Amino acid sequence: MEHEEVRALAGAWLDREVDPLAQGEIEAHLAGCAACRAAVDGARGFSAAIRAEAEYFEAPPALVARLAAASRPALPARPAPRRMAAWRPLALAASALLAVVLAGGIGYFSSLGGPQDPLVQDVVDGHVRSLQAEHLIDIASSDQHTVKPWFDGRLDAAPPVRDLTTEGFPLVGGRLDYLDGKSVAALVYRHRQHPINLFVAPLGTSGAGPALATTRQGYNVRHWVAGDMSFWLVSDLEMTELAALEALLRRP
Amino acid sequence: MTGPDRAVLFEQAVLPHLNAAYNLARWLTRNPDDAADVVQEAYLRALRYFDGFAGEDGKAWLLSIVRHTCFTWLRRNRPAELAPLPEEREDGGGHGIDPDDPETLTLAARDRALLNRLIAALPPEFREVVVLRELEELSYREIAAIAAIPVGTVMSRLARARARLRSDWRRLCQAETKHGA
């Protein structure tokens, strides 16, 4: 074998990917050619440098958690129905306490096993379900005047609907969903290709409680009450971006 | 296969390879958010087509879906990066290894940032074979299956990618030496 041919095959030879015949010829050539041997050593060193120095990007934990949740649609069976009456006084007590402690008016706290925990789980489950079942929207429209009437015949209280395209959060559509076993409106927004679910329920049916910002299974969740409606935002967006959307939605 | 069994089998086949999936997507999209989106899309697609998975090699199967999703994403979002590869002989002569000062090359290869920049600057078709070979240590046959190209094409793309990395490397090192002098 000539120098040229040996050098063309050297990479594959180092990868142990040449056939036995070529392998024998390459090795015979290398045994008698110092220049090619040195070149092969250089190539070996360069490959080793790539292996040692090239970045290996590991999957972020939040992504892994999100995906693990997505592959378990049918699991597990729901726990017994929860009674709102049991936790609402607790939630009110917690918010009163917070109001005292956080005189600065920071109304959010992270719920870790708090009274709203089951609802947070419901919200995240609803979000994941909407993504994987390809049932994100029943009514596809970015026109708030189309989406709102669609809910009118389907829910006792239609949610306020607001398109925020100019603010970077286009409205994609809406669908009916369930929260705490009750029908609620789900509005879908998008930001940088990330879908965002906004669950809206009338107060007294579902999901009222102190304002909240928390993370569950890699999803960020925000909750607040305005007027006589309870709002839940959920997405894999950064919490700061979700907070920006909340601020836009809460504008008078 | 019913719900829970299917979910468990799927997770056993796929979850252990999420790092490989993300690493490939991260190198091909060159952006953490886009890589996460692509991996999520590929994962959901894998979940949908899991019944077509014969149970042989979960890693290669997942990576082939990730790879396909990446290139679809590139076509949609970065079409300029998918310009046709230059003809075999147009990108600087032979693609064999170079006999020119291998010593310097090896020593200077400790410059991590520069090396990573050079890999990131390769065309996606070259970048993927480098990542799959050098970082995942897959065989040419496995890479061929993932990238849906013949084994011979894997061999030539890898040789060209390495030759290009080495010549870019040498050029930049020489430029730096001149500046330093």
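Is the crossing of H3(B) and H4(B) left-handed or right-handed? To find out in this predicted model, select helix H3 (32–48) of chain B together with helix H4, residues 58–77 of the same chain, and look along the place where they meet. The crossing is right-handed, and the two helices pack at an angle of about 125°, their axes being 9 Å apart. H3(B) and H4(B) are therefore oblique to each other.

Now show the side chains at this contact, where H3(B) contributes Asp34(B), Val38(B), Val39(B), Glu41(B), Ala42(B), Arg45(B) and Ala46(B), while H4(B) contributes Leu62(B), Ile65(B), Val66(B), Thr69(B), Cys70(B) and Trp73(B). Coloured by character, these residues divide into nine nonpolar, one polar and three charged.

Next, bring both chains into view and select the contact between them, which takes 42 residues from chain B and 41 residues from chain A. Several helices of chain B supply at least two residues each to the side that touches chain A, among them H1 (3–14), H2 (18–29) and H9 (151–180). The helix that gives the most to this side is H3(B), with seven residues. On this side of chain B there are 24 nonpolar residues, nine polar and nine charged.

Finally, move to chain A and select Gln144(A), which is found in helix H7, residues 144–152. Gln144(A) is partly exposed, because 16 other C-beta atoms lie within 10 Å. Leaving aside neighbours within four places in sequence, Gln144(A) is in contact with Val161(A), Arg162(A), Asp163(A) and Leu171(A). Draw a distance from Gln144(A) to Leu171(A): the two are 27 residues apart in sequence and 7.8 Å apart in space, C-alpha to C-alpha.

How values were computed: Residues numbered from 1 in each chain as written. Chains lettered and ligands numbered in written order. Predicted model: local features only at pLDDT ≥ 70, side-chain atom pairs only at ≥ 80, totals over all residues. Contact = placed C-beta atoms within 7 Å. Helix = DSSP H or I, 4+ residues; strand = E, 2+ residues; numbered from the N terminus. Nonpolar A, V, L, I, M, F, W, Y, C, P; charged D, E, K, R; others polar. Axes fitted to C-alpha atoms, helices over the stretch in contact; angles between N-to-C directions. Parallel < 35°, antiparallel > 145°, perpendicular 65-115°, else oblique. Left-handed = near helix turned anticlockwise from the far one by under 90°. Buried ≥ 20, exposed ≤ 12 C-beta atoms within 10 Å, placed from the backbone.
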